Amino acid sequence: MTDLSPIPPTLLAPTDTGWVEALTEDELPEPAQRWRIDGTGSAAWAMAHVVSAEAQLEALTAQAVEWYARIDAWLAHESAQPRATVAFFGAHLERFALDAREADPRKKSVTLPGGKVQTREAKPRAVVTDEEEALAWALNHAPEAIRTVEKLRLEALRQRLTVREMETLAWVTNSCGCKVSVRDDEGLDIPPVGTETECSECGAEALIGMVEVLHSRWVVTDAEGGFVPGVDVDPGGITARVVTG
Ligand SMILES: [Zn+2]
């Protein structure tokens, strides 16, 4: 066939491994798992590892691209003959089937042991060559030929929505001294501090004292406070990103 070998033997050679190359935190040995950056010195050392690893990634990618090119060249070379054969005999078979249909219009296909040649007739019809121009014409002359696609305008949607943090679990300390937990996954509705209440712990008439929120979740509602289906909250937050160079 060919002496062009697309995959060099080095592809199968084992690569160097060290703890820095471990794939997940769990694969790291104990000391490496405990290791943390504790200052600019170790941060610079860590950044040097990132820079070096990125250079390795670049080299590996370049190597892969070179191999892909060699595989493409190999495929193009090896497939030239069979592709030419398919094209040559295929064209003759199509001609044969078209001639057969011309001789007998009812004979729409030719069936052979290895396969069949089908013929089909297409009527002349209009095709669009310039979507923009045809659309502009249709706006005035054939509005029924225009399909309107409904898509959400996210910024406009956000104007209608309210994102807020909903408290779902809290400690409430009453003036009687009892500390009671209040939980409601649909949102707590705790009266303001100083409101009279019957203590759920001791039963005394008491005033609501300190409220400590223990848990809350983000919710998105419409102007009336109703939940909006199909919409959730991305809580955002501060993140960091390593950029080398
Ligand atoms: Zn109480």
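**Exercises: a long helix and a strand residue**

From the N terminus on, the elements of this protein run α-α-β-β-α-α-β-β-β-β, with helices (H or I, at least four residues) and strands (E, at least two) taken as DSSP runs numbered from the N terminus. The model is predicted: local features need pLDDT of at least 70, side-chain atom pairs count only at pLDDT 80 or more, and totals for chains, interfaces and linings use all residues. Residues are numbered from 1 along each chain as its sequence is written.

**Exercise 1.** Work out what span is expected for helix α2 and where α2 bends.

*Solution.* Start with the length: α2 covers residues 40-103, which makes 64 residues. The expected span is 1.5 Å times one less than the number of residues, and here that gives 94 Å. From first C-alpha to last, α2 reaches 87 Å, close to that value. Now look for the bend (the angle between axes fitted to the seven residues ending at a residue and the seven starting there): it's about 45° at Ala80, with Pro82 following within four residues.

**Exercise 2.** Decide whether Ile208 is buried, partly exposed or exposed, then list its contacts.

*Solution.* First find Ile208: it sits in strand β6, residues 205-221. Next, the cut-offs: buried takes 20 or more other C-beta atoms within 10 Å, exposed 12 or fewer, partly exposed in between, with C-beta atoms placed from the backbone. Ile208 has 18, so it's partly exposed. Finally, contacts (C-beta atoms, placed from the backbone, within 7 Å): beyond neighbours within four places in sequence, Ile208 touches Val172, Asn174, Pro191, Val193, Gly194, Thr195 and Thr197.

Note on methods
Contact = placed C-beta atoms within 7 Å.
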